[in-house]
Amino acid sequence: LARLRDEDGRILYPAEFLRQLSVDDLTNLSSMVLTQALEDLKKLDNLGWSLWVSFNVVPESFCGSCVPCLQGVISASGVAPQRITLEILEGSDFLERNVALSVLQGIKEMGIRLALDDVGSAYASLLRLKELPIDEIKLDQGFVRSLGARPQDLHFVRTIQDLASELQLDLVVEGVETADILDAMLTTGVPHLQGYAISKPLPLTDLQQFLSGYVMDTDIRPVSLLGFYAGTLKSHTAIKNMLLINPIQLDLASLADGHQCRGHSVLHRFGYGDDSHLVQLHDAYHLALGAVARNISDHGSWRVMEFALNEFLQAILDVRE
């Protein structure tokens, strides 16, 4: 992440200086950032931390000399290109140009991974996912940072998660800024996360300290009501899909018994007994699931089940507030 320091020592962030740079300046900056990042990567290798590096390229700097320039930087570093991910802004004009596909193909042939950054911030995302040779999508943080206030947006995060899985693309969720949001993402199995709840951007020396003190997360998830809400959404979608596609693979008897659901033990772990409003709504939801399972074609049962789910989810939010 590029930073500048002015005369009085104040750190300038990209939003303050990038727009003042020419295309040539931006191209040089990209080369400098990648060169430095690869040097840092080798230092971390020597200390026993085998990581990879991901870097943004300003779309305006893409041109015919882009691929040879990348080849030169990577060859000089000695770092395997498979450990490098190049991020392209989803809303950039570059992706609309005819030359974009050939440039990206040339980069991919080098072994560099390609990521589409800020997915969801512009309009043509799905078409680009179909056409571009990308390996990774990064969900725009605008859908994630507000989850604490708008948990319903988890529907969108989950949909993108499923899409990435079906397309065999890696998914990175940006904007993980709080412990609750971190819990929700881990509970739903998002593979790669980015945000202040994990770490703020760090200089190399501070990064080494962070890695030295890093402890693998071993908490039993969820640990928060937002995480429980997220896990309930994911579980419901899986059960609903199985009911629609192949209900005989479900244990229909246990489906109607909320006490046999993992959510029941989670609520007990959170301190809610069988006589609590949340547990009672959870049981009612499972009874409604059982009714659907007994008669898949009964549309009335489906409506009752969805109503019971929404009542249960709203109660989780009410308790959380």
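**Pockets, a cavity and salt bridges**

In this predicted model, the second largest pocket takes up a volume of about 290 Å³. Its lining runs to 19 residues, and those nearest the centre are G231, S235, C261, R262 and G263. Four helices each supply at least two residues of that lining: α9, α10 (252-255), α11 (262-269) and α12 (277-294). Helix α9 has the largest share, with 6 residues. Sorted by class, the lining of this pocket comes out as 10 polar, 8 nonpolar and 1 charged.

Closed-off space is next. The model holds 1 cavity of 30 Å³ or more, and the largest cavity has a volume of about 40 Å³. Around the largest cavity sit L154, V157, R158, Q161, M185, T188, V190, A230 and L233. Two elements, α6 and α9, give two or more residues to this lining, and α6 gives the most, with 4 residues. Here the classes split into 6 nonpolar, 2 polar and 1 charged. Helix α9 thus turns up in both settings, as a contributor to the lining of the second largest pocket and to that of the largest cavity.

One residue of the cavity lining, T188, is worth a closer look. T188 sits in the loop between α7 and β8 (192-193) and is buried, its relative accessible area being just 4%. A polar atom of the T188 side chain lies 3.0 Å from the backbone oxygen of A184. Setting aside neighbours within four places in sequence, the contacts of T188 are Q161, A230, G231 and K234. Of these, Q161 and A230 also help line the largest cavity, while G231 is among the residues nearest the centre of the second largest pocket.

Another residue of the cavity lining, R158, leads on to the charged pairs. Side chains of opposite charge can pair when their charged atoms come close. In total, the model has 17 salt bridges. R158 pairs with D162 in one of them, at 3.4 Å from N to O. Both belong to helix α6 (residues 154-166), where a spacing of 4 residues puts about one helical turn between them. The two partners differ in how much surface they show: R158 is buried at 13% relative accessible area, whereas D162 is partly exposed at 39%.

Other bridges reach across the sequence. K138 and E174 form a salt bridge whose closest N and O atoms are 3.5 Å apart. K138 is in strand β6 (residues 136-139) and E174 is in the loop between β7 (170-173) and α7 (179-187), so this pair ties together parts that are 36 residues apart in sequence. Both K138 and E174 are buried.

The side chains of K240 and E306 also meet in a salt bridge, with an N to O distance of 3.2 Å. Here the link runs from helix α9 (residues 225-245), home of K240, to helix α13 (residues 299-320), home of E306, so parts 66 residues apart in sequence are tied together. K240 is partly exposed, with 29% relative accessible area, and E306 counts as partly exposed too, at 23%.

Not every salt bridge stands as a simple pair. D183, D217, D219 and R221 are joined in a network of salt bridges.

Note on methods. Residues are numbered from 1 along each chain as its sequence is written. This is a predicted model: local features need pLDDT of at least 70, side-chain atom pairs count only at pLDDT 80 or more; totals for chains, interfaces and linings use all residues. Side-chain values use heavy atoms; hydrogens and water are left out. A salt bridge is a side-chain nitrogen of Lys or Arg within 4 Å of a carboxyl oxygen of Asp or Glu. Buried means under 20% relative accessible area, exposed over 50%, partly exposed in between (1.4 Å probe, protein chains only). On a 1 Å grid over the protein atoms alone, a cavity is a set of points where a 1.4 Å probe fits but cannot get out, and a pocket is an open set with protein on both sides within 12 Å along at least five of seven lines; lining residues have an atom within 4 Å of a point. Grid points are joined across faces, edges and corners, and a volume is the space filled by probe spheres set on the points. Ala, Val, Leu, Ile, Met, Phe, Trp, Tyr, Cys and Pro count as nonpolar, Asp, Glu, Lys and Arg as charged, and the others, Gly among them, as polar. A polar contact is a pair of N or O atoms within 3.5 Å; within protein, one must be able to donate a hydrogen and the other to accept it, and residues adjacent in sequence count only if both atoms are side-chain atoms. Contact means heavy atoms within 4.5 Å.
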